[in-house]
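Student: I have a model open and I keep meeting labels whose grounds I would like to understand. Could we go through them together?

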Amino acid sequence: MIKCLSTTPFNDQKPGTSGLRKKVRVFQQPHYAENFIQSVFDSLEGFEGKTLVLGGDGRFLNRDVIQIALKMAAANGFGRVLVGKGGILSTPAASHLIRSSGAFGGLVLSASHNPGGPDEDFGIKYNVSNGGPAPEKVTDTIHARTLSIDSYRILEAADVDIDTPGMSRLGEMTVEIVDPVAGYADLMESLFDFGAIRAMIAEGFTLSFDAMSAVTGPYAVEILEKRLGAPSGTVRNATPLPDFGHHHPDPNLVHARELYDRMMGEDAPDFGAASDGDGDRNLIIGRHSYVTPSDSLAVLAANAHLAPGYALGLKGIARSMPTSGAADRVAQRLGIPLYETPTGWKFFGNLLDAGMATICGEESAGTGSDHVREKDGIWAVLLWLNIMAVRRQGVAQILAEHWAAYGRNYYARHDYEGIADDKADALMAALRDKLAALPGTANSGGKIKSADDFAYTDPTDRSVSRNQGVRILFEDGSRMVFRLSGTGTEGATLRVYIERYVGSDGDLGMATADALEPLVRAAQEVADISGFTGMERPSVIT
Ligand code: G6P
Ligand code: ZN
């Protein structure tokens with residue numbers, strides 16, 4: 001029986017770039033998840049009888065919200081819901097399933113790299129039929145609806161068994177429990193030379209993948225261990241846990257410390273990697289050799305043609321503005337366009353749909369291509385492996401040859417976390433005020449060539465996004481970027497992105513901190529970070 005229950009709006013359901021993300025306790029309030037899901041459905045047109053994809057990263061509350069979403073989808077008139085077995089779907093796998101099944105859209109339950117558990121975070125994101133996150137005009141409609149909603153529709157029925165593959169009925173709707181891994185693994189096998197990678201591993205190449213007790217475990221076991229023949233145990237923390245084993249599933253040098261230490265140790269394997277809670281980010285570390293996400297994008301773009309899926313070459317490369325210019329030099333040499341977008345994966349979607357870019361990447365550890373409409377952690381790992389298998393070289397050698405050919409963009413991000421909002425805003429305002437006066441002046445970083453607040457005009461629909469970060473460019477090609485994080489949960493986080501380019505004939509072997517030291521001083525001089533924040537040094541350096 002379909003019930004129509006009355007409800008009252010919650011005033012905190014504005015979806016961010018990655019959907020609605022809140023503490024589990026917030027989602028546990030009566031009607032909270034229901035209100036949001038109904039607001040999503042109310043904002044869509046023409047889904048009657050169509051397919052919805054449903055799954056998440058397995059975090060606490062995943063299974064409960066899947067049951068709610070199933071019953072609400074049935075009551076709202078969807079024809080079919082495809083659910084990943086056990087409620088599991090990584091973000092890239094959900095994107096692929098939406099595309100390959102011709103679904104109307106999908107609900108992805110995740111709070112990405114945020115911790116999980118009863119006291120941690122949960123999230124609901126709606127993706128549209130191209131497999132990518134809903135564009136802002138859709139999320140704005142959803143938000144408006146959350147503020148006026150007065151009822152939601154839900155089927156009164158027993159819970160669906162989501163652990164047994166197969167089809168069943170829920171009211172008038174079909175529920176299909178699908179293997180969350182197989183289709184995605186097949187897609188990877190169609191893009192990469194699994195034979196060459198398998199041969200490299202059989203010859204003794206060693207690797208370690210840390211799934212951080214999050215969603216990529218089953219994907220990595222199937223692909224790396226089963227299909228590519230890596231020994232069992234190659235994938236660590238392989239079982240998705242509701243609380244990620246109390247780990248923070250963010251693959252950076254702080255939270256993936258164990259992997260980092262192993263990769264820097266005596267017995268380091270040849271290759272190490274990790275992904276985040278929902279499987280869209282990646283961390284790549286060679287034996288004794290960390291790869292910045294910006295360099296990773298450049299190396300992947302320069303070598304992608306070595307993988308069968310990209311043998312015909314790339315149409316273009318896209319990177320977010322704060323990501324280093326390393327990829328620009330690759331695009332230039334390949335004679336293809338380079339698109340510089342604001343931070344946020346959603347800006348790549350239009351370029352991919354329009355066939356203007358093939359590979360995209362961000363300094364925040366996201367890389368991907370036109371195979372789906374989300375960034376994809378395991379995809380990046382496999383492209384690296386494919387490149388190494390063809391070139392028969394390790395990470396350090398590939399990086400060294402890359403820098404020798406293109407020069408090196410020394411790069412670091414300094415984060416100042418937990419700043420009071422008003423202080424962070426005041427710092428940015430002061431910086432913006434002096435932009436016009438900066439060109440031609442000099443500081444510890446050198447002579448300033450230009451300074452602006454980044455604005456982006458989407459080449460496909462001419463939409464304009466302003467105030468996307470302050471950039472200061474020096475005569476020698478060095479750069480500083482200042483922006484406030486759009487994803488923080490407590491106070492403001494100031495991100496300072498520092499980059500110095502050294503040509504192929506320069507010193508390519510410096511320690512990053514040494515190479516950037518004058519620019520770090522310059523950032524302090526220009527923005528008076530310690531004056532505004534009271535912080536003498538960043539809380540995190542990546
Ligand atoms: C999320 C988005 C990324 C984006 C990142 C930036 O992970 O999916 O596309 O790069 O947030 O976060 P920030 O905190 O710098 O705004
Ligand atoms: Zn993520």
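Tutor: Gladly; we will take the domains, the ligand and then the sheets in turn.

Student: What kind of model is this, and how is the protein chain divided?

Tutor: This is a predicted model. The protein chain is divided into domain 1 (2–180), domain 2 (184–406) and domain 3 (408–541).

Student: How do you know where ligand 1 lies with respect to the domains?

Tutor: Look at who supplies its shell. Residues of both domain 2 and domain 3 take part in the shell around ligand 1, so the ligand lies between these domains. There are 13 residues around ligand 1, and Trp345, Ser364, Ser485, Gly486 and Thr487 come nearest.

Student: What makes a residue count as near the ligand?

Tutor: The test is a C-beta atom, placed from the backbone, within 6 Å of the molecule. Of the residues in the shell, 1 is nonpolar, 10 are polar and 2 are charged.

Student: How do you know which elements of domain 2 touch domain 3?

Tutor: The centres of the two domains, taken over C-alpha atoms, are separated by 26 Å, and the contact takes 20 residues from domain 2 and 22 residues from domain 3. On the domain 2 side, helix 12 (346–353) and helix 14 (395–406) each supply at least two residues. Helix 14 gives the most, with 4 residues. That side of domain 2 divides into 12 nonpolar, 7 polar and 1 charged.

Student: Which spans does UniProt mark in this chain?

Tutor: The unreviewed UniProt entry places "domain: Alpha-D-phosphohexomutase alpha/beta/alpha" at residues 13–152, 184–285 and 294–406. In the model, residues 184–285 are 36% helix and 15% strand, while residues 294–406 are 48% helix and 14% strand.

Student: Why are strand 2 and strand 8 called edge strands?

Tutor: Their sheet is open, with 7 strands in the order 2-6-5-3-4-9-8 and mixed pairing. Strand 2 (20–23) and strand 8 (166–170) each have a single partner strand, so one side of each is left without a neighbour in the sheet. Neighbouring strands here are turned by 20 degrees against each other on average, direction ignored.

Student: What makes strand 2 and strand 6 a pair?

Tutor: Pairing asks for at least two bridges. Strand 2 and strand 6 (residues 121–127) have 4 bridges, in the antiparallel sense, so by that definition they pair. Arg21 stands opposite Gly123 in strand 6.

Student: Which helix packs on this sheet?

Tutor: Helix 4 (residues 91–100) does, touching strand 3 (51–56), strand 4 (80–88), strand 5 (105–109) and strand 6; its direction makes about 165 degrees with that of strand 5.

Student: How do you know which strands are at the edges of the 4-stranded open sheet?

Tutor: Its order is 16-15-17-18, with mixed pairing. Strand 16 (338–341) and strand 18 (366–369) each pair on one side only, and that marks them as the edge strands. Strand 15 (residues 317–320) runs parallel to strand 16, joined by 4 bridges, with Ala318 opposite Tyr339.

Student: And do strand 20 and strand 21 pair, or do they fail the definition? What is the count of bridges?

Tutor: The count is 2 bridges between strand 20 (residues 442–443) and strand 21 (residues 446–453), running antiparallel. The threshold is at least two, so they pair. A hairpin joins strand 20 to strand 21 through 2 residues.

Conventions. Residues numbered from 1 in each chain as written. Chains lettered and ligands numbered in written order. Predicted model: local features only at pLDDT ≥ 70, side-chain atom pairs only at ≥ 80, totals over all residues. Nonpolar A, V, L, I, M, F, W, Y, C, P; charged D, E, K, R; others polar. Domains from an automatic or database assignment. UniProt positions renumbered as here; feature names shortened; annotations may be inferred. Axes fitted to C-alpha atoms, helices over the stretch in contact; angles between N-to-C directions. Contact = placed C-beta atoms within 7 Å.
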